[in-house]
Amino acid sequence: MLTFAPKFKHNKMLTVSNLSVQFGKRILFDEVNTTFVQGNCYGVIGANGAGKSTFLKILAGDIDPTSGRVILEPGKRMSVLNQNHNMFDEHTVLETVMMGNKVLFAVKSEMDALYADYDDKNADRIGELQVQFEEMNGWNAESDAGSMLSNLGIGSDLHYTLMADLEGKLKVRVLLAQALFGNPDVLVMDEPTNDLDFETITWLENFLANYENTVIVVSHDRHFLDSVCTHISDIDFSKINHYSGNYTFWYESSQLAAKQKAQQNKKAEEKKAELEEFIRRFSANVAKSKQATSRKKMIDKLNLDEIKPSSRRYPAIIFDVEREAGDQILHVQNLAASVDGEVLFKKVDLNMAKGDKVVVFSKDSRATTAFYEILNGNQKADEGTYDWGITTTQSYLPNDNHSFFEDGSLNLVDWLRQFVKTEEERDEVYVRGFLGKMIFSGEEALKKCTVLSGGEKVRCMLSRTVLSGGEKVRCMLSRMMMIRANVLMLDEPTNHLDLESITAFNNSLKNFKGSVLFTTHDHEFAQTVANRVLEITPNGVIDRYMTFDEYLDDDKVQELRKKMYN
């Protein structure tokens with residue numbers, strides 16, 4: 001329950017006091033005490049099921065804790081990114097954004113109603129409301145809301161459109177504008193980058209990196225967390241601990257601390273020197289980053305005592321190749337595809353060489369999926385050809401993996417056996433050992449690989465007898481590792497994965513000796529894996545040997561992109 005208390009010292013915007021949450025016998029939070037301070041951006045992380053979204057709902061007042069309370073400083077305003085995309089369908093886009101500041105919108109609504117039924121009796125009340133409206137900068141509210149929408153890619157031609165008439169991805173942007181509107185004192189957001197393109201995410205990163213109030217955010221986007229966070233709030237062992245720095249610092253420092261913990265014989269002075277050198281190196285990297293802002297100076301306040309090992313488990317994702325490929329990997333010529341008469345892409349030419357790791361992307365996700373489906377023989381192209389090199393073997397992770405889990409009779413051990421290459425690999429001990437490395441241990445290896453109806457899925461997920469979305473992706477990755485192909489194709493591979501799996505997956509692809517074609521909304525994935533960018537559009541293809549950041553920052557490329565999509 002959200003309550004108010006006497007004014008805090010030291011700009012403590014939000015305090016969590018003795019917070020406990022229990023569902024049946026399961027304890028999610030146990031006597032959590034913590035504060036969120038003005039000017040800081042807190043990235044809330046934790047393993048799947050740790051309670052990240054539940055914690056944000058408690059902060060927002062949508063869920064009551066079992067005990068304890070959340071205390072917002074008096075006179076301060078909290079804004080929450082709304083997850084109900086249909087809640088404002090009867091309102092215009094502009095109205096929806098302004099409703100983000102509830103007090104201001106209430107004053108405006110009352111004032112408009114009194115003007116519509118004006119008489120002398122209303123005059124004094126209208127005067128009072130006008131004073132309040134002026135103090136809240138209300139006369140600029142519409143233009144401020146319009147500007148926010150434009151920055152998020154919602155043009156002025158849509159500002160007076162009903163929300164009900166917007167497509168889903170545009171609604172997400174409007175609700176994000178609503179959360180940001182009016183400079184809230186505490187901003188709470190759960191996965192704000194979902195369904196946003198890279199340009200919009202970059203705008204949001206820059207906006208939040210310079211935001212002077214308190215931000216509390218859950219995200220699986222590591223680039224986003226690195227760009228905006230001054231602190232990481234780690235949910236572990238039913239507690240919440242804040243650590244200075246962004247996600248990469250938290251991850252690398254926790255790995256270093258775990259390594260040092262294992263080095264029992266290493267002297268304390270040597271460990272301290274190693275940690276101090278790590279902090280110096282990290283601080284220097286942040287200072288050089290193009291994302292460096294006044295917020296990043298928080299790194300200077302890093303404390304050695306804060307660095308602790310994490311209890312996280314990371315899957316062992318290792319892609320080996322059965323044989324090395326030759327120089328010619330893939331030749332694509334004049335490839336084209338459409339759906340219901342609408343062109344997805346055309347004139348796609350690609351000559352992929354050994355060692356190429358290509359991020360394939362488009363403003364239309366249907367285009368990239370069609371591209372992979374054609375290359376895997378699952379869909380016919382409208383025109384054009386493609387030829388794989390004779391020394392290549394391919395393995396594909398589709399965006400929709402539904403068809404791989406249709407046989408509900410198979411448990412996970414038997415499912416993975418379908419893809420083994422030797423009799424030794426068929427052995428249950430071997431398969432269970434393999435699954436254990438992918439964090440399917442003990443009884444989890446006997447879960448059913450099945451596709452269920454909505455109600456069945458809920459019941460089985462509660463009893464944990466079938467696979468979740470993230471577990472299915474880990475199954476698909478296990479399958480790919482078994483195949484040992486020298487070319488990997490990955491269509492949105494990080495969907496449904498937790499941060500631990502994404503990080504392990506990312507590191508594995510960086511070290512992979514073969515070639516890769518992949519599509520992702522994970523900026524860090526694209527930047528650290530790809531050495532080539534292929535953008536497919538309705539009017540042709542843009543193909544550049546450069547990093548993803550270089551591609552997005554190249555003025556000539558951006559001019560060409562505008563032409564290609566018009």
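This report walks through a predicted model of a protein chain, from its overall make-up down to a few single residues.

**The whole chain**

Let's start wide. The protein chain is built with 20 helices and 19 strands. Of its 566 residues, 51% are buried. How do contacts span the sequence? If you take contacts between residues at least 6 apart in sequence, 70% of them join residues at least 24 apart.

**Rings that meet**

Now for the aromatic side chains. A pair of aromatic rings is described by two things, namely the distance of the centres and the angle of the planes. In this model the count comes to 22 aromatic pairs. Take Phe-361 and Tyr-551 as one of them: their ring centres are 5.8 Å apart and their planes are at 80 degrees, which makes the pair edge-to-face. That label fits because an angle over 60 degrees counts as edge-to-face. Phe-361 belongs to strand S13 (residues 357–361) and Tyr-551 to helix H19 (residues 548–553), so this pair ties together parts that are 190 residues apart in sequence. Are these two residues buried or exposed? Phe-361 is buried, at 7% relative accessibility, and Tyr-551 is buried too, with a relative accessible area of 0%.

Rings can also gather in a group. Phe-319, Phe-505, Phe-512, Phe-518 and Phe-525 form one aromatic cluster.

**Charges over rings**

Some rings have a charged side chain lying over the face. Here are two cases:

| Charged residue | Ring | Distance from the ring centre |
|---|---|---|
| Lys-363 | Tyr-565 | 4.8 Å |
| Arg-479 | Phe-419 | 5.3 Å |

Keep Arg-479 in mind for the next part.

**Two buried helix residues**

Leu-416 lies in helix H12 (residues 412–417). With a relative accessible area of 0%, Leu-416 is buried. What does Leu-416 touch, once residues up to four places away in sequence are left out? The answer is Val-431, Phe-434, Leu-435, Ser-478, Arg-479 and Met-482. So the Arg-479 that touches Leu-416 is the residue lying over the face of Phe-419. As for Val-431, it is 15 residues from Leu-416 in sequence, and their C-alpha atoms are 7.5 Å apart in space.

Lys-108 sits in helix H3 (residues 102–116). This lysine has a relative accessible area of 17% and is buried, because the cut-off for buried is under 20%. Setting aside neighbours within four places in sequence, Lys-108 is in contact with Met-98, Phe-133 and Glu-142.

**Hollow spots**

How many cavities of 30 Å³ or more are there? The count is two. The second largest cavity holds about 30 Å³ of space. Its lining is made up of Val-44, Ile-45, Gly-46, Lys-52, Ser-219, His-220, Asp-498 and Leu-499. Sorted by class, that lining has three nonpolar, three polar and two charged residues.

**Positive phi in two loops**

Finally, look at two backbone angles. Asn-183 is not a glycine, yet its phi is positive, at about 55 degrees. You'll find Asn-183 in the loop between helix H6 (168–180) and strand S7 (186–190). His-496, another residue other than glycine, has a positive phi near 80 degrees. The loop that holds His-496 runs between strand S16 (487–491) and helix H17 (499–511). Is His-496 buried or exposed? His-496 counts as exposed, at 58% relative accessibility.

Conventions:
Residues are numbered from 1 along each chain as its sequence is written. Side-chain values use heavy atoms; hydrogens and water are left out. Rings of Phe, Tyr and Trp (its six-membered ring) pair if their centres lie within 6.5 Å; planes under 30 degrees apart count as stacked, over 60 as edge-to-face and the rest as tilted. Helices (H or I, at least four residues) and strands (E, at least two) are DSSP runs, numbered from the N terminus. Buried means under 20% relative accessible area, exposed over 50%, partly exposed in between (1.4 Å probe, protein chains only). A charge sits over a ring if NZ of Lys or CZ of Arg is within 6 Å of the ring centre and within 35 degrees of the ring normal. On a 1 Å grid over the protein atoms alone, a cavity is a set of points where a 1.4 Å probe fits but cannot get out, and a pocket is an open set with protein on both sides within 12 Å along at least five of seven lines; lining residues have an atom within 4 Å of a point. Grid points are joined across faces, edges and corners, and a volume is the space filled by probe spheres set on the points. Ala, Val, Leu, Ile, Met, Phe, Trp, Tyr, Cys and Pro count as nonpolar, Asp, Glu, Lys and Arg as charged, and the others, Gly among them, as polar. Contact means heavy atoms within 4.5 Å.
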